[in-house]
Structure formats: C-alpha cells, structure tokens
Amino acid sequence: MQFGGRKKKISTIPQSELYGQHLQFYGQPPLENISLSEFETFAAERLKLLKTVENLGVSHVKLTDPYRRKLESQLKALNFPYRPDADDKKSQSGPIEYEKRRKDHISHFILRLAYCQTEDLRRWFIQQEVDLFRFHFTELVPKQQLAFLHKNNLHYDTISSEEKTALKDQLINSSFGVSGIKVMEHEFYKVPFQDALDLVRLRKVYLKQGYAYIPHQDIVTIVLNDFRTRLSKALALTARSLPAVHSDERLQPLLNHLSHAYVGQDYSIQKNVGKISLDQIDSLSGKSFPLCMRQLHQSLRENHHLRHGGRMQYGLFLKGIGLSLEQALQFWKMEFIRGKVDADKFDKAYAYSIRHMFGKEGKRTDYTPYSCMKVILSNPPSQGDHHGCPFRHSDPELLKQKLQVYKVSPSGINQILELVKGMHYQLACQKYFELTHNIEDSSFSLNHPNQYFLESQKLLGGGKDIKREMDAPQRSQENSASKGSTGTQEVAANTSQHLAEMTEDLESFFQEA
Amino acid sequence: MPSSDYDPASLPDLLPLYYRRLFPFSQYYRWLSYGGVQKNYFQNREFSFTLKDDIYVRYQSFSMQNELEKEMQKMNPYKIDVGAVYSHRPSQHNTVKSGTFQALEKELVFDIDMTDYDDVRSCCSAADICSKCWTLMTIAIRILDRALQDDFGFQHRLWVYSGRRGVHCWVCDEAARKLSVAARSAVTEYLSLVKGGDETIKKVVLTEPIHPFISKSLEVVKEYFSRYALHDQDLMGSKESVEKVLALVPEDARSYLQQEFEKEKKPEKRWKLIKEEALRKQSTAKKGQYFENEIMLQYCYPRLDANVSKGVNHLLKSPFSVHPKTGRISVPIDVSELDKFDPFSVPTISLICEELDRPRPGEEKEKLEDAKEKADEKDAIEKRKSRDYKRTSLAKYIKYFDQFLDGMARSWKGERLRNSDLQKEF
C-alpha cells in the first residue's frame with residue numbers, strides 16, 4: 001500500500017472486475033492510494049466488526065438465525081458488504097456496493113499488519129476472519145459457491161456421472177446424510193486427501209487412490225480450512241515485513257493502537273468526578289469492582305504497595321470511576337505510608353507519577369483507563385505483580401481458591417473455569433458479574449473494567465444519573481461516526497493519540513519501584 | 001532351531017562380522033538416497049545408534065555410503081534407528097542458528113506391537129509371541145497394506161519384521177515423505193478403530209453408515225476369524241474368555257446368550273448363535289446392533305502406536321538392524337507370501353555369521369572367477385560382499401529389498417529427468 005505523497009500508478013483493473021463478488025479470499029493486497037483518515041476509519045470499523053463476530057460466536061451457536069440476523073445488522077451498520085436480498089440485483093453492482101467491498105478489502109489488509117505480530121493476536125484475528133468468511137460463504141446458494149470457487153482458481157474437480165454410478169454405494173456409505181438420490185443429483189468433488197484432513201481424520205469421506213470424494217455439503221469445511229491456512233501463511237509473511245512498515249512514523253502508533261484498541265467507549269470522559277468518596281472504596285471493591293481490580297485493591301491493602309503495572313492499571317481505573325486527582329493522591333499516600341514508604345519519599349517518587357496519570361505533568365495527556373483487551377494482551381504480570389486479568393493470568397487452581405474465598409458457588413466456579421479453559425476471559429468475568437450480582441443474564445457485553453463498575457452500580461441502584469452519563473459519551477461517538485469521516489477521524493485521532501502516547505511515553509518514563 | 005544358538009553375550013563378537021561382511025550397505029544407501037532426486041537427502045538424514053552398555057547417540061549423519069560404513073564398522077551399534085531428513089546435516093545441528101534446524105521429511109511409518117493385543121490374546125503375553133497369535137500381524141498387514149494402497153494411493157510400502165514381537169511399515173512414496181504432522185495424524189486416525197485403554201471394556205463401536213474402509217477391513221478379519229479366534233485362541237471355549245466376549249454384547253442379548261451357552265458348548269455353534277442374535281438386533285434396534293462385527297474387530301483389528309506415526313522427527317528401528325534380545329535381523333516381509341511368513345525362521349545374526357564360514361557347494365568355482373576379475377579391486381570387494389550375504393539365509397530378504405528399490409527407481413528416473421529439464425541440463 002502506498003500513502004499520500006508517494007506517486008504510484010493506481011491499479012487499472014476496472015471496478016466491476018476488481019470486486020466481482022461480495023466476499024473474497026484476500027489473496028491480493030490493495031494497490032491504491034489511501035488517506036490516513038480512511039486508513040484509520042476502515043481499520044477501526046473492521047475491528048468493531050470482528051469484535052462483534054467474536055461476541056456473537058460465544059453467545060450464540062454459529063450460523064443459527066439469531067446469529068445471522070445480528071451479524072448482518074452489524075455489517076449493514078458498519079457499511080460492510082453482505083448478501084443482499086435475492087431480488088435486489090441493483091444493489092449488487094454500482095458505486096455504493098463497490099465502496100463497501102473496497103473497504104472490506106483494504107480494512108482486512110490493514111488489520112493484518114496490526115495482528116500479525118504475536119501468536120495470540122494472530123490466533124484471534126484468524127479465528128474471527130474464518131468465522132466471518134464462514135458466515136458469508138454459507139449465505140450463498142450452492143451455485144454461487146461453485147462460481148466463487150472457480151473464480152478463485154479452486155478447481156476442485158467434480159466427478160462425472162459415470163464415476164458416481166460406479167462408486168454409488170461407497171459414496172452413500174462414506175458420508176453422513178447422503179442417499180442414493182443425493183449422490184446422483186449433487187456434485188461430488190475429487191480432492192487430494194491432504195486437502196481434506198478434517199474429513200479424513202474422522203473417516204467421513206470416501207478415499208480412493210489418495211483422493212477424497214467430497215459431497216457438496218462438506219465442501220465448506222474444505223474451503224474454510226483452505227482460507228485458514230492461506231491466512232495463517234500470509235500473516236507469517238506479513239510479520240517478516242513489519243519492520244519496514246513500522247519505520248513509517250505515521251503508521252506505527254496507529255497499528256499499535258489497533259492491536260491494543262478497545263473500539264468503543266474509553267471511559268476517559270469523567271462525568272462523575274468526586275461522586276465517590278475514599279471510604280466507599282473498600283466496600284465498592286467487593287460489590288462493584290471486576291475481579292482484576294478487586295485483586296489489586298486487596299493487594300494494595302495487604303502489602304501497602306503496588307508495583308508499576310498494578311499502579312497503572314488500578315490507578316487509571318480509579319480515575320475512571322470518578323476519583324479526582326486530590327483524592328487519588330490522598331488514597332495512594334495513605335496506603336503507601338503504612339508500608340515502607342514515608343511521606344517524603346511518596347511525594348518525591350510516587351506523587352509525580354499519579355499526577356502524570358491525570359495529565360498534570362509532562363506532555364499533559366489525559367491517560368485512559370485500560371480496556372479488558374489491553375489488560376489481557378499486554379504486559380503480563382510476573383512474580384510480585386498483581387495486575388493483569390485473573391482469568392487470563394492466574395493459575396486455574398489459584399483462581400478457583402480466590403473465587404471460593406469470594407464466596408462464589410461451586411457450580412458457578414466450574415462455569416467460570418470452563419470459560420477460562422476455552423480462553424473466553426471476558427465471558428468468564430461476565431459470569432463472575434452475574435454470580436456476584438445474583439442475576440441470570442447480564443445485558444451487556446463486557447470489554448472494559450470501568451464498564452463493569454458502571455453496570456454494577458446501575459444494577460445496585462446507582463440510578464439514572466450514571467446510566468445517562470454512560471449513554472451520552474457513547475452516543476456522541478456514534479453521532480460523529482455518522483456525521484462523516486471527519487468526525488470519526490477526530491475521535492479516532494484523539495484516542496489513537498492518547499493510546500499511542502501512553503504506550504510510548506510511559507514505558508520510557510517510569511521506573512520500577 | 002538356529003535361534004537357540006543365539007546368545008546375547010556374543011553380540012560384541014558377531015556385530016563386527018555382520019557390519020563388515022553382511023549388512024547390505026549399497027542397497028541401504030540406494031534406498032535412503034532416493035535416486036539423488038533431492039540434493040543432500042542422504043546427508044541430512046538423522047541416524048541414531050545404541051552402543052554397548054546402552055549408550056545412545058543421536059544426530060548421526062553421513063555424507064556418503066562409505067562414511068556410513070566406516071562409522072558403523074567402528075562403532076558396531078547394537079541398534080540402529082532412522083530418523084528424519086533435516087534442513088541441515090544433523091551432525092552439525094549445534095552450529096545452526098536456533099530455530100532453523102528442522103525436520104523436513106520422513107517416510108510415513110507404522111509400528112504394530114504384539115503387546116498392544118495382550119487383552120485379546122490368550123496364548124501369550126508381553127514380549128512372547130507364538131504361531132497362534134502371529135496371525136494378528138498377518139491380519140494387520142493385510143488390512144493396512146490394502147488401505148495404504150487403495151485408499152491413500154501409496155505405492156511403495158515396505159513391511160519389516162521388528163525382530164521380536166511386531167512389524168513396522170515404511171511408506172516411502174514421495175507424497176508420504178512430504179506429509180505434514182497434521183496429515184500423518186489424520187491418516188493414523190483414519191486407520192484406527194480400536195480405541196481405549198485398560199478402563200475401556202468396549203473398544204470398538206460402529207455406527208451407521210459403515211464406511212467402506214471398515215467393511216473391507218471386516219472382510220479380511222472374517223477370512224481368518226474362524227481359524228484364529230475360534231480355534232487357535234479358543235475364544236468361545238473357556239468360561240473366562242466367553243465372559244470377556246459377552247461383556248461386549250448389549251445386555252439384553254447377553255443374558256439370552258449366556259443361557260444358550262449353558263446348552264451349546266461347541267465354539268463354532270456358539271459363534272453362530274452370536275451372529276444370529278446380532279442379525280436379529282439389526283432388524284429391530286437402532287443402535288448396538290453391530291456387536292458381532294465389533295467383537296471381531298476388537299479381537300483382530302490392527303492396533304497402531306499413534307505416536308510413532310504422527311511425528312516427522314520420530315526415530316524408528318532400521319531395517320536390517322539386529323534385535324539384541326533375540327538376535328533376529330529386522331528383515332523385509334514379502335507381502336505376496338504373507339501367509340507363509342514365519343517369524344521363527346527369520347535368520348539370527350549368529351546363524352548368518354555361522355553360514356558365512358561354512359563352505360558351500362560351488363565355492364571352488366567362485367574362487368576361480370574371483371581371480372579372473374582382479375581388475376577392479378573395489379568391484380572385487382563388492383562382489384565378494386555380495387557373494388557373502390548370498391551364502392546366507394539373508395539372501396532372499398536382500399533380494400526382496402532390491403526388488404522393492406527397483407520398483408521405486410522407476411519413479412526416481414522420471415523425477416531426475418523432470419528436474420534436469422527444468423534446470424536445462426543436458
């Protein structure tokens with residue numbers, strides 16, 4: 001991809017051919033110029049889409065009607081391509097549809113840059129993209145699926161009727177749900193067995209001389225595996241060329257932000273400053289804090305100290321729930337003094353950093369509280385640390401004990417551990433929310449510790465005030481999104497600026513206590 | 001019997017003789033070079049040796065046949081294992097940047113061990129084998145060889161007697177050697193029907209539809225079942241054995257059969273009752289109706305060691321290696337004469353060493369011919385060596401190995417031509 005300032009010949013493939021169908025394998029990278037704001041917007045919106053895919057994937061059985069409806073509405077909302085109604089042929093071509101497909105194409109490749117860097121990121125990205133592809137592919141009718149495969153040079157050979165007749169009994173007995181009629185009416189594909197391993201492994205396919213004979217209904221599995229393999233290889237390659245990309249100063253902060261980003265409310269706007277008093281914190285920590293913050297608070301109380309990672313994660317969270325700078329200074333000082341730190345040392349070494357958190361020092365940027373994604377993915381805790389996400393970073397046995405101490409029921413603990421085993425850390429936390437608040441179904445999708453706090457307060461009768469305040473910032477973001485790219489650009493630019501600076505500055509500035 | 005002459009203590013004396021005059025180095029090298037189609041294929045192959053006093057050395061590699069010969073003649077390994085072809089010479093793996101030394105290719109291999117059948121054979125257990133339970137190996141080879149050829153399209157399959165209680169299969173096709181770990185694992189799962197450990201009573205469960213692979217495997221089992229299971233293993237004879245079999249039958253059928261078995265004592269008739277009961281179930285029940293087939297498979301179907309097959313870098317005992325405990329040579333098995341194969345007539349190292357020293361009829365004539373061909377010294381040594389093993393019981397096995405290599409050589413030639421065309425070599 002080239003960016004403004006460098007002249008490069010724009011691809012001369014005509015529009016209609018470039019994006020002939022609404023889904024694609026992303027084999028070819030985009031070859032055009034794009035503005036930075038479009039770069040950011042496209043990426044942020046695709047990230048939102050993939051997060052929706054992730055959430056739907058764990059809260060619904062994939063490909064059921066509710067799943068499809070919700071995913072389709074999100075695709076519409078974010079202006080990504082989706083299968084139109086059959087009779088709506090007009091919308092399949094033309095500039096509007098073209099724009100959507102172009103966005104789909106470009107945004108995918110941008111996210112590759114951000115998500116190729118670590119094993120965790122890659123796994124997440126591949127999982128969501130495969131699920132999204134599965135959704136799109138299964139929305140097509142078989143004829144369209146075949147057309148798609150051919151267009152992408154996947155000439156899985158079909159077998160002739162003669163061969164079908166000869167192999168009829170074997171074919172019937174090899175695949176589930178294939179009757180004699182189906183054999184003759186539907187297509188069967190002949191594929192080298194190495195390309196159909198999932199079917200071979202379970203002996204769900206007929207094998208002859210090294211070829212698997214796959215009924216059309218099973219071809220989805222094959223295509224998905226193909227998609228997954230290609231994407232995996234592509235990400236590995238992308239990672240190798242990353243240093244070149246990172247050398248572009250405009251891109252590096254953006255890409256970092258994307259891979260750590262929480263797309264949505266960032267709780268930096270505080271409407272309820274000063275509404276919390278310090279003596280409420282202890283009881284709040286048991287009632288409304290997510291497990292990570294409860295843990296940090298407890299460690300702070302017990303050890304009268306927290307290391308840097310913990311101070312950042314907890315300190316910013318407290319700012320997010322409404323602590324003012326003065327309150328924060330008082331809070332930390334009171335606790336640290338109980339430990340090995342005297343008042344003078346506190347003022348010298350720690351006060352500065354707290355003021356920095358509130359944007360009163362140095363570059364004066366107002367740092368935003370960490371999202372779940374950031375807590376889970378970056379800066380894992382080591383010996384002596386108490387930060388991080390307990391569902392991700394604690395040994396399951398210890399997590400179990402902790403939950404028992406916090407009086408979570410045994411069946412609840414098991415449910416949580418199951419989610420942890422499936423790497424659904426935020427869902428595990430959400431389950432923790434439900435169990436500690438005694439409700440069946442939390443009506444939100446958890447992705448930020450401060451969100452946990454607000455939802456909890458709402459539930460416990462925190463009242464309309466907090467609810468209104470929570471909605472307002474979110475709506476204002478959505479408004480700017482609909483206003484056009486400039487609005488989103490501003491908001492996105494602010495957040496990206498914040499987070500970029502946060503990651504860059506903090507690391508270099510602070511030292512371990 | 002020649003085997004009774006073998007004494008493990010004599011290995012240190014026999015091995016040098018074996019490696020100097022009998023081990024088929026040129027055939028071995030011919031095999032592992034695979035026609036020189038791929039550069040450094042032999043050089044990057046890992047071997048491991050087990051030396052005297054159980055000293056184990058890995059990452060052995062050799063640049064040419066005579067280097068391999070010299071090393072083996074120097075070290076006199078008790079056991080030889082063959083591993084993968086790596087990205088670099090295994091002997092230099094420590095000099096390679098960490099992470100870049102990788103196993104690239106290896107034959108697809110299978111290891112069938114008689115001890116895995118201990119729960120279903122009554123004649124022997126553990127390391128013992130006899131002619132009665134050897135049928136299990138015959139069945140295994142028949143079933144797996146057919147599947148590897150017909151289902152997977154593999155043409156070059158070498159079955160080798162392990163030397164004591166099992167068999168190995170080396171699938172040498174190029175496609176097989178290039179298989180990924182995931183592919184090897186998938187092939188192994190496809191071929192596995194007996195699942196479960198000591199705690200699992202019913203190890204084979206069949207559900208509709210019955211895949212053609214299972215039907216074809218059952219056909220093989222049925223060929224041998226009557227003689228092997230009913231007669232040799234006396235499956236339906238002893239009370240203990242019958243109980244174990246009936247444990248695999250659904251409860252309602254079980255009580256009926258137990259009753260009938262009070263009256264009917266003949267094994268064949270008892271099995272017939274089981275078959276009839278199964279048939280009856282098939283027309284009425286929705287599940288549990290294949291128990292007759294399930295029993296046959298549990299008692300006879302091949303049991304694979306999955307770990308051996310899945311890894312690209314897994315080391316497996318080499319053909320023509322000696323088994324230190326039995327002295328038997330790991331010889332290739334002629335699949336066309338499978339039913340005639342007798343593990344107890346496989347030559348031991350002591351036997352063939354003894355045969356070396358025995359004068360043979362016609363030897364005088366050979367000595368004259370040797371004197372005539374003094375021209376090429378090296379050639380003469382080779383010729384003498386080839387006459388050496390030809391005087392022993394090892395001859396027919398090496399001949400079979402030669403035929404196996406000839407079969408593969410045809411494909412190598414094609415490959416070499418293709419490659420030289422691509423590189424425009426003339």
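## Four cysteines at one spot

UniProt, in an unreviewed entry, puts a "binding site" feature at A:C292, A:C372, A:C389 and A:C429; positions follow the numbering used here, the feature name is shortened, and such annotations may be inferred rather than shown by experiment. The four span 138 residues in sequence, yet no two of their C-alpha atoms are more than 9.9 Å apart, so they gather at one spot. A:C292, A:C372, A:C389 and A:C429 also belong to the lining of the largest cavity. Here a cavity is a set of points, on a 1 Å grid over the protein atoms alone, where a 1.4 Å probe fits but cannot get out, and lining residues have an atom within 4 Å of a point.

Keep in mind that this is a predicted model, where local features need pLDDT of at least 70 and side-chain atom pairs count only at pLDDT 80 or more, while totals for chains, interfaces and linings use all residues. Residues are numbered from 1 along each chain as its sequence is written, chains are lettered from A and ligands numbered from 1 in the order in which they are written, and side-chain values use heavy atoms, with hydrogens and water left out.

## A closer look at two of them

A:C389 sits in the loop between helix 18 (372–377) and helix 19 (390–393) of chain A; helices (H or I, at least four residues) and strands (E, at least two) are DSSP runs numbered from the N terminus. With a relative accessible area of 10%, A:C389 is buried (under 20%, against over 50% for exposed and in between for partly exposed; 1.4 Å probe, protein chains only). Setting aside neighbours within four places in sequence, A:C389 is in contact (heavy atoms within 4.5 Å) with A:V375, A:I376, A:S394 and A:Y425.

A:C429, by comparison, is found in helix 22 (residues 425–437) of chain A. A:C429 is buried too, at 8% relative accessible area. Leaving out neighbours within four places in sequence, its contacts are A:P290, A:F391, A:L446 and A:Y452.

## Where the chains meet

On the A–B interface, 19 residues of chain A are in contact with 25 residues of chain B. The two chains bury about 1,700 Å² between them, 59% of it on carbon and sulfur atoms; that is the accessible area (1.4 Å probe) lost on being put together, summed over both. In chain A, A:R201, A:R203 and A:Q209 lose the most area to chain B, together 41% of what that side buries.

The rule finds zero salt bridges across this interface (a side-chain nitrogen of Lys or Arg within 4 Å of a carboxyl oxygen of Asp or Glu).

## Salt bridges within the chains

Over all chains, the structure holds 46 salt bridges. One of them joins A:R102 and A:E32, with the closest N and O atoms 2.9 Å apart. A:R102 lies in helix 4 (residues 95–115) and A:E32 in the loop between helix 1 (15–18) and strand 2 (33–34) of chain A, so the pair ties together parts 70 residues apart in sequence. Both residues, A:R102 and A:E32, are buried, and they are linked with A:E38 and A:E99 in a network of salt bridges.

In chain B, the side chains of B:D119 and B:R303 meet in a salt bridge (2.9 Å, N to O), though the two are 184 residues apart. B:D119 counts as partly exposed at 28% relative accessibility, whereas B:R303 is buried at 7%.

Notes: 1 Å grid on protein atoms, 1.4 Å probe; cavity = no way out; pocket = protein on both sides within 12 Å on 5 of 7 lines; lining within 4 Å.
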